[in-house]
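Here's a quick tour for anyone meeting this protein for the first time. Have a look at the structure, then read on.

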Amino acid sequence: MNRIKRVLVFLCPGYELLQKLAVLWERFFCVILPKLQAIFCPIETLNCSVQSLTLLSFRDIIVLKTKLDEALISYEATAIPPRIKQMLLILQGVRESPPTENLLKLESMVELVISPYLRPSFVFRDS
């Protein structure tokens with residue numbers, strides 16, 4: 001059943017995708033992530049945090065596999081649900097070294113909803 005729901009999120013068009021992804025993000029960020037952090041807290045190291053790994057996985061498996069960029073282009077920034085903006089800003093805050101293609105894709109989505117936006121990866125790339 002969960003697999004069917006996940007497939008349905010990927011197939012949703014436009015604003016419906018934004019709404020379903022906002023609900024999914026809220027559940028993930030407010031319920032699932034804290035539980036994972038509580039369970040795995042004793043085995044975290046300086047190089048590997050459960051939060052970073054989980055957020056990167058959410059970005060790569062959920063956000064970048066949907067047509068979120070198309071949905072964001074279709075609407076003005078003021079029409080984007082606040083949870084989507086929160087999700088994009090939190091996910092872009094998880095740093096990888098060196099910046100990956102997935103991070104650059106996510107930053108291009110952030111540019112669509114946050115204005116003005118200075119891409120951190122460009123700052124790191126030039127210095």
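Which residues make a nonpolar surface patch of about 310 Å²? I39, F40 and I43 do. (Patches take residues with over 30% relative accessible area and no salt bridge, joining nonpolar side chains within 5 Å.)

Before going further: this is a predicted model, where local features need pLDDT of at least 70, side-chain atom pairs count only at pLDDT 80 or more, and totals for chains, interfaces and linings use all residues. Residues are numbered from 1 along each chain as its sequence is written, and side-chain values use heavy atoms, leaving out hydrogens and water. The protein's mean pLDDT (the predictor's confidence in each residue, from 0 to 100) is 82, with 80% of residues at 70 or more.

Two loop residues make a nice pair. Buried means under 20% relative accessible area, exposed over 50%, and partly exposed in between, with a 1.4 Å probe and protein chains only.

| Residue | Loop | Relative accessibility | Class |
|---|---|---|---|
| I43 | between α2 and α3 | 60% | exposed |
| P81 | between α4 and α5 | 9% | buried |

Setting aside neighbours within four places in sequence, P81 is in contact (heavy atoms within 4.5 Å) with Y15, L18, Q19 and A22. P81 and Q19 are 62 residues apart in sequence, yet their C-alphas are 7.2 Å apart in space.

Now for the inside. The largest nonpolar core (buried Ala, Val, Leu, Ile, Met, Phe, Trp, Tyr and Cys residues joined through side-chain atoms within 4.5 Å) has 27 residues, and L68, L72, I84, M87 and L88 touch the most other members. α2 gives the most to this core, with seven residues. Not counting residues up to four places away in sequence, M87 touches L21, W25, F58, V63 and L68.

Notes. Helices (H or I, at least four residues) and strands (E, at least two) are DSSP runs, numbered from the N terminus. Patches are made of residues with over 30% relative accessible area and no salt bridge: like charges are joined within 9 Å, nonpolar side chains (Val, Leu, Ile, Met, Phe, Trp, Tyr) within 5 Å. Accessible areas come from the Shrake-Rupley method with a 1.4 Å probe; for residues, only the protein chains shown count as cover. A salt bridge is a side-chain nitrogen of Lys or Arg within 4 Å of a carboxyl oxygen of Asp or Glu.
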